[in-house]
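Work through these exercises with the model open beside you. Try each task before you read its solution.

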Amino acid sequence: CISFGSLAAPPFGGVLYEFAGKRVPFLVLACVCLLDGLLLLVLAPPGGTGARANMPVGTPIHRLMIDPYIAVVAGALATCNIPLAFLEPTIANWMKDSMGASEWEVGLTWLPAFFPHVLGVYVTVQLAAAYPHLQWFYGALGMAIIGASSCLVPACRNFGQVIIPLCGICFGIALVDTALLPTLAFLVDVRHVSVYGSVYAIADISYCVAYALGPIVAGQIVHTMGFAQLNLGMGLANVLYAPVLLFLKNVCQMKPSHSERNILLEEGPKGLYDTIKMEERKG
């Protein structure tokens, strides 16, 4: 869903801006957000504090950040999203200058990339089910595809050609995200407490770093060095980071350690969650 939002935004904004004016996309989004907020209040109202009282306390986020395995995954998530984050604010001007593209053409350039992205998610899920010990390899392969596709973008000369490397970038991002996000949950299970809010907050921070730097860093690089150099740099960064994922090769062989989770359960059940876990362990 996060990827769908990122990939649907350019065609949505481009078409509405071209044919309805710049205010209309924001008004539509405001209405959608308001409707979503109302539906959340009706269908998923805030629960009481009683249920949370029996939940275990998760590992602090600062301790998760210094875990080397989690740090490697977070770095991969940030690096693989850099091409998408850096191209969105810069490719429009490049297409207008190099091929005379209109606003709606710039927006629709990203639309076909959604389909290989969904394909990448499906392929990775199927491969992970059959060969779960190769999650790191799927991520590394995705980063290699992203790197090669990024380097091809400046060589494109028309609207149709640009679509091909963008599809490659989004297919590679699907491989990385779909392979490495579950790895974060597994790392928390075997090395920390099985509470996932903080570790997925780290994943969101990784995305946000890429998208926050995009408009600032990418624009400056294009201004000083050029669009081609920006893409070559992003491609090189992904290709060089891919071998780092070898560090995760033995993650699937890890066993739960004497972590905070075990210590918590050995102190005796204090609530419903702990009682259920104690029964599972006895079983």
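**Exercise 1. The whole chain**

Find what share of the 283 residues in the chain is buried.

Solution. This is a predicted model. Buried means under 20% relative accessible area. Buried residues make up 39% of the chain's 283 residues.

Next, list the secondary structure. The chain has 14 helices and 0 strands. Read from the N terminus, the elements run α-α-α-α-α-α-α-α-α-α-α-α-α-α.

Last, look at contacts between residues at least 6 apart in sequence. Of these, 80% join residues at least 24 apart.

**Exercise 2. The annotated spans**

Where does UniProt place the feature "transmembrane region"? Then examine residues 24–43 and residues 64–87.

Solution. Start with the record. The unreviewed UniProt entry places the feature at residues 24–43, 64–87, 107–129, 136–156, 162–187, 199–222 and 228–248.

Now turn to the model. Residues 24–43 are 100% helix and 0% strand. The end C-alpha atoms of that span lie 28 Å apart. Residues 64–87 are 92% helix and 0% strand. Here the end C-alpha atoms lie 30 Å apart.

**Exercise 3. Three helix pairs**

Describe how H1 packs with H2, H9 with H12, and H10 with H11.

Solution. Take H1 (residues 2–20) and H2 (residues 23–43) to begin. Their axes come within 7 Å and cross at roughly 125°. H1 is therefore oblique to H2. From H1, Phe-12, Gly-13, Leu-16, Tyr-17 and Ala-20 take part. They meet Val-24, Pro-25, Val-28 and Leu-29 of H2.

Go on to H9 (residues 135–152) and H12 (residues 227–241). They pack at about 165°, with axes 7 Å apart. Angles over 145 degrees count as roughly antiparallel, so H9 and H12 are roughly antiparallel to each other. H9 passes H12 in a left-handed crossing. On the H9 side, the contact uses Met-143, Ile-146, Gly-147, Ser-150 and Cys-151. On the H12 side, the residues include Asn-231, Leu-232 and Gly-235.

Finish with H10 (residues 159–191) and H11 (residues 197–224). The angle is about 145°, and the axes are 9 Å apart. H10 passes H11 in a right-handed crossing. H10 contributes Asp-177, Leu-181, Pro-182, Leu-184, Ala-185 and Val-188. H11 contributes Val-199, Tyr-200, Ala-203 and Tyr-207.

**Exercise 4. One alanine**

Is Ala-174 buried or exposed? Which residues is Ala-174 in contact with, leaving aside neighbours within four places in sequence?

Solution. First, locate the residue. Ala-174 lies in helix H10. Next, check accessibility. Ala-174 counts as buried because its relative accessibility is 0%.

Then find the partners. Ala-174 is in contact with His-117, Gly-120, Val-121 and Thr-124, once neighbours within four places are set aside. Now compare sequence and space. Ala-174 and Phe-114 are 60 residues apart in sequence. Their C-alpha atoms are 10.0 Å apart.

**Exercise 5. Cysteines**

How many disulfides are there? Where is the cysteine sulfur nearest to Cys-167?

Solution. Recall the bond. A disulfide is a covalent bond between the sulfur atoms of two cysteines. Apply the cut-off: the two sulfur atoms must be within 2.5 Å. The count comes to 0 disulfides.

Check Cys-167. The nearest cysteine sulfur belongs to Cys-170 and is 7.0 Å away. Cys-167 is in no disulfide.

Add the accessibility. Cys-167 is buried, with a relative accessible area of 18%. Cys-80 is buried too, at 0%.

Note on methods
Residues numbered from 1 in each chain as written. Predicted model: local features only at pLDDT ≥ 70, side-chain atom pairs only at ≥ 80, totals over all residues. Heavy atoms only, no water. UniProt positions renumbered as here; feature names shortened; annotations may be inferred. Helix = DSSP H or I, 4+ residues; strand = E, 2+ residues; numbered from the N terminus. Buried < 20%, exposed > 50% of the residue type's maximum accessible area, 1.4 Å probe, protein only. Axes fitted to C-alpha atoms, helices over the stretch in contact; angles between N-to-C directions. Parallel < 35°, antiparallel > 145°, perpendicular 65-115°, else oblique. Left-handed = near helix turned anticlockwise from the far one by under 90°. Contact = heavy atoms within 4.5 Å.
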